[in-house]
Amino acid sequence: MAFDALADVSDDALLVLYGNGDTDAARALTQRLLPRVLGFATRMLNDATEAEDVAQEAMLRLWKIAGDWRQGEAKVSTWLYRVVLNLCTDRQRKRKGIGLDQISEPEDETPGAVAGLQEQERLAALKDALAALPDRQRQAVVLRHIEGFKNPEIAQVLEISVEAVESLTARGKRSLEVLLAGKRAELGYTDD
Amino acid sequence: MTEEKFDSGALEGLFDLARTEKHVPSSDLIVRVLADADTEQAVCRVTSSKPSEARESRLAVVFRAIGGWPAIAGMATATVAGIWIGLSPPATLEDISSSILTGETDAYLSELLPGFDDFVAEG
């Protein structure tokens with residue numbers, strides 16, 4: 001199928017096409033999913049190089065499962081985010097096993113396309129605050145408020161109940177407000 | 001201390017900002033991912049085109065189609081019984097079969113099947 005004609009094709013239909021030997025389907029899926037996967041991995045790991053490795057590994061697992069994928073049974077993005085999350089969790093566990101003193105400072109080489117020093121300061125403050133959250137709260141908050149997933153989808157990614165997702169996101173947001181308290185003026189938020 | 005307050009509105013503003021941050025994959029990463037895709041697709045193609053090692057032979061298909069071992073056992077029993085009856089038939093069966101085979105005595109269908117005449121007459 002021609003590459004342009006794949007723009008309106010759903011993710012799972014593309015995956016089935018790929019499994020059936022369509023070479024353009026892989027390009028379409030990569031174009032569509034890789035930036036999201038990379039962004040999520042970067043937010044989880046705060047390390048551009050590790051995030052790239054995770055993104056590649058997650059996409060590889062997607063290619064491997066294509067032949068067995070059953071259309072309509074699961075959402076490709078939800079499945080893929082769960083894979084990314086598990087890969088990130090594995091790496092975070094290894095980091096903890098290495099010991100804090102042996103870990104180099106996170107090097108985020110992808111500040112993104114956001115222009116302006118203040119915006120970058122705000123983003124850095126948010127990243128720092130997110131990094132200080134417990135793992136599950138951070139995952140739930142990022143998926144809900146940055147990745148734009150709905151609570152039932154987050155429940156599938158995290159493999160917990162929707163109620164637990166609601167609780168995690170609420171507690172995560174409260175924790176962020178506490179962690180960011182005192183930085184309002186520093187980040188350029190002034191009372192009008 | 002208004003400075004200490006970081007309300008949810010400001011937090012939503014930070015989330016909005018984070019959503020605008022684009023994580024553009026490097027060309028190197030894209031090349032690696034697409035190379036993986038090609039490799040896996042080729043593996044899948046080879047696997048699906050190669051006859052499966054577990055594929056059944058024709059004999060196995062016939063064997064399964066006729067009912068497997070229970071059917072084979074039944075057929076073997078019937079064969080042995082047929083040979084045995086053929087070699088040493090019971091006395092009553094021997095009279096009938098010898099008369100049919102040798103023609104020494106005429107045997108008619110109506111004798112073997114007494115109701116056959118009525119069946120023929122009724123059409």
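This is a short tour of a predicted model, from the interface of its two chains to a cavity, a pocket and two loops.

Before you start, residues are numbered from 1 along each chain as its sequence is written, and chains are lettered from A and ligands numbered from 1 in the order in which they are written. In this predicted model local features need pLDDT of at least 70, side-chain atom pairs count only at pLDDT 80 or more, totals for chains, interfaces and linings use all residues, and side-chain values use heavy atoms, with hydrogens and water left out.

**Stop 1: the interface**

Color chain A and chain B separately. Here 46 residues of chain A are in contact with 34 residues of chain B; contact means heavy atoms within 4.5 Å. The area buried between them is about 3,600 Å². Buried area is the accessible area (1.4 Å probe) that two parts lose on being put together, summed over both. Carbon and sulfur atoms give 63% of that area.

Next, look for charged pairs. Five salt bridges are counted between chain A and chain B. A salt bridge is a side-chain nitrogen of Lys or Arg within 4 Å of a carboxyl oxygen of Asp or Glu. Select Arg32(B) and Glu52(A): their side chains form a salt bridge at 3.7 Å, N to O.

Twelve residue pairs are in polar contact across the interface, both residues at pLDDT 80 or more. A polar contact is a pair of N or O atoms within 3.5 Å; within protein, one must be able to donate a hydrogen and the other to accept it, and residues adjacent in sequence count only if both atoms are side-chain atoms.

Now show the helices of chain A. Those giving two or more residues to the side that touches chain B include H1 (11–19), H2 (23–45) and H3 (48–65). Helices (H or I, at least four residues) are DSSP runs, numbered from the N terminus. H2(A) gives the largest share of that side, ten residues.

**Stop 2: the cavity**

One cavity of 30 Å³ or more turns up in the whole structure. On a 1 Å grid over the protein atoms alone, a cavity is a set of points where a 1.4 Å probe fits but cannot get out; lining residues have an atom within 4 Å of a point. The volume of the largest cavity is about 90 Å³. A volume is the space filled by probe spheres set on the points, which are joined across faces, edges and corners.

Which residues line the largest cavity? Select Arg43(A), Asn46(A), Leu123(A), Leu126(A), Lys127(A), Leu130(A), Ala131(A), Arg138(A), Ile146(A), Ala18(B) and Glu21(B). H5(A) gives the most to this lining, with five residues.

**Stop 3: the second largest pocket**

A pocket is an open set of points with protein on both sides within 12 Å along at least five of seven lines. The second largest pocket has a volume of about 190 Å³. Of its 13 lining residues, Pro35(A), Arg36(A), Arg43(A), Glu147(A) and Glu21(B) are the closest to its centre. H2 of chain A and helix H1 (8–20) of chain B each give two or more residues to the lining. The largest share, five residues, comes from H2(A).

**Stop 4: two loops**

Go back to Asn46(A), in the loop between H2 and H3 of chain A. Asn46(A) is not a glycine, yet has a positive phi of about 55°.

Finish at Glu159(A), in the loop between H7 and H8 of chain A. Glu159(A) also has a positive phi of about 55° and is not a glycine. Add Arg82(A) to the selection: the side chains of Glu159(A) and Arg82(A) meet in a salt bridge of 3.9 Å, N to O. Arg82(A) sits in helix H4 (residues 76–98), and the pair is 77 residues apart.
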